[in-house]
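Biologist: Before we discuss this protein, may I ask you to show it to me? I should like to know how each term is justified.

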Amino acid sequence: MMSAEATEMKNISRLRSRLVVVLVASTVAMLVILVVLSFFVPRATSSEEQPSTKPNIIFILADDLGWNDVGFHGSNQIPTPNIDALAYSGIILNDYYATPLCTPSRSALFTGKHPIHTGMQHEVIYGFEPWGLGLEERLLPEYFKDLGYATHLVGKWHLGHFKKEYTPTFRGFDSHFGYWCGHTDYYDHNSEEAPAFWGHDLKSGMMTRRDLVGNYTTTLFSDEAVRLIDAHDESEPMLLVVSHSAPHAGNPAIPLQAPDDIVAKFKVENIPDARRQIYAAMVWLLDRSVGQIISALSRKGMLDNSIVIFSSDNGGAGANYNRNVASNWPLRGGKDTTWEGGVKVAGLIWSPLLKEANKVFNKICSIQDWLPTLLAAAGGKIVDGIDGKNIWPALNNSSRDTYDQILVQIDDLRNISAVRKGRYKLLSGTTWKGRYDVSIGSEGRKGEYDLRGIQTSEAASALKRTTRPLPNKFVIKNLRNLATVTCPPDDDRFICKPLEGEDCLFDLSQDPCEAINLARKYPHIVNHLKSLLATCNETAVQPRNQVGDPLSNPKFWRYEWTNWKDYKDPPHLKSHLVFPEKRLEA
């Protein structure tokens, strides 16, 4: 017989064996459960598959849009519900400057430099001229490519195309769909740059797109922007510049164009001018494009991590400049002038990444500020040797200032200049023999402001799903009042006459419409600002402009605008040369 001690040891051994079996069985069961669950629990994606944390940058650039052609500046004439929804949900830039013309403004946007420092300060690039923005300049899309961005340009380029190295896909953009010259017909996409110098100018990269003749330009650009957003790989951030042609006039024969059914919407009492009705339709389609882009970003899940900027490239072309009818009312002047109506433009920024919103930003800022500002927002490095300033801190903190001095323009070849220091602006010289030295365009205050249209707009619907939705109607009305400029009627006793050689000094804080010349009252301020202009002019480089090249004529290149300097000149061309003649207005 076993002793009691031996029996106890045997029982303990059996118990241990059973525990081991139970533990093994439990472990196996747990492993089986974990394996099964692994089929149902989503796997963590690799870093390559995860959405980028860098913000998407969407820059929408209008062409020749008037200060008074958007609803948020007080006009009831042309409804811009999508643009207005972004303005009220974001920040209205109410002291925001560009340059007087297309090419200089685009060069400032992409380089962060004032045009006097890149040789782009004089007039614009005509399609027949062999020059462009210098290849030594590093452009905004190149900086963003270094940060891992996909970069796309949709729309107008206007920075040179005589050699392929000057075109968008050789300057940092992964893709370009649009045109190279300064304007085109909205349906056949031909650009007439001078008498007898016309050709097709719609491109995909370097390829001419004749297959899209008959399609309206603004719609084509909208569709391409939406397509790029839909196809975007979210593992990398996106830089999308949508550079609309609207509402720039087309070719001289039919300068203003829009679909008949849209024009019919604006045959109303408060728009009696038939040309203004077409212009209104062009702006309405531009606004619809903004809504479509915002909606596409929302559907893709990109809107919460996006920064959206809307801007015009210069003041509106009104009073028949370019045969156009924009309104900068009540500001004086328009496109191709240094008056406020030519250089102070409609602009806004919207983003959930902004710490402050629903406000009017009354601090000086400029189109050349976007390069350093957006790089800062994306975590990029400080860029040396540029003129633009990083205004991101000021946008996010009302107690922060931007700067108090801005060079508006120096063009020694036309004897015009303008500079602003604090509240004072000095203007010297004028353009077009003073034809545009007046308030330009329709007042647009008749009728009702369509708040309901803003609240139900495509953009507002998309913004509802973000942390920056449209505010209530009381906030909207207050912001609109703050963003609306009002001025008393002109008094001829105080109007400046630069055509007669007068220096023009204005206190913009009291006189935003430049109606009261203070030059005689404050000669010391005039002298100080002239000294500032002289200092700036010492740093200016020579304009890059070149005379027209008859070999550029599209008739020699299948009636297409092309990078003609990359090709040998066929011998028979020499006997058929006609030198281009610039039109009076660009």
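Biologist: How many nonpolar, polar and charged residues does the lining of the largest cavity have?

Modeller: In this predicted model, that lining has six nonpolar, four polar and no charged residues. The residues concerned are Y97, A98, T99, H114, S366, I367, Q368, I406, L407 and V408.

Biologist: Why is H114 counted as polar?

Modeller: Only Asp, Glu, Lys and Arg count as charged, and His is not on the nonpolar list either, so H114 falls among the polar residues.

Biologist: What makes this space a cavity, and what is its volume?

Modeller: A 1.4 Å probe fits there but cannot get out, so the space is called a cavity. Its volume is about 50 Å³. The search of the whole structure finds three cavities of 30 Å³ or more.

Biologist: Which strand gives the most to the lining of the largest cavity?

Modeller: Strand β15, residues 405-411, does so, with three residues.

Biologist: Why are β9 and β13 called edge strands?

Modeller: The open sheet has ten strands in the order β9-β8-β5-β4-β10-β1-β11-β12-β2-β13, with mixed pairing. Strands β9 (207-208) and β13 (359-361) each pair on one side only.

Biologist: How do you know that β4 and β5 pair?

Modeller: Pairing requires at least two bridges, and five join β4 (residues 150-156) to β5 (residues 175-179), so these strands pair. They run parallel, and V154 in β4 stands opposite F177 in β5.

Biologist: Which strands does helix α9 lie across?

Modeller: Helix α9 (residues 370-377) lies across β1, β2, β11 and β12, running at about 170 degrees to β11.

Conventions
Residues are numbered from 1 along each chain as its sequence is written. This is a predicted model: local features need pLDDT of at least 70, side-chain atom pairs count only at pLDDT 80 or more; totals for chains, interfaces and linings use all residues. Side-chain values use heavy atoms; hydrogens and water are left out. Helices (H or I, at least four residues) and strands (E, at least two) are DSSP runs, numbered from the N terminus. Contact means heavy atoms within 4.5 Å. Axes are lines fitted to C-alpha atoms, for helices over the stretch in contact, and angles run from 0 to 180 degrees between N-to-C directions. On a 1 Å grid over the protein atoms alone, a cavity is a set of points where a 1.4 Å probe fits but cannot get out, and a pocket is an open set with protein on both sides within 12 Å along at least five of seven lines; lining residues have an atom within 4 Å of a point. Grid points are joined across faces, edges and corners, and a volume is the space filled by probe spheres set on the points.
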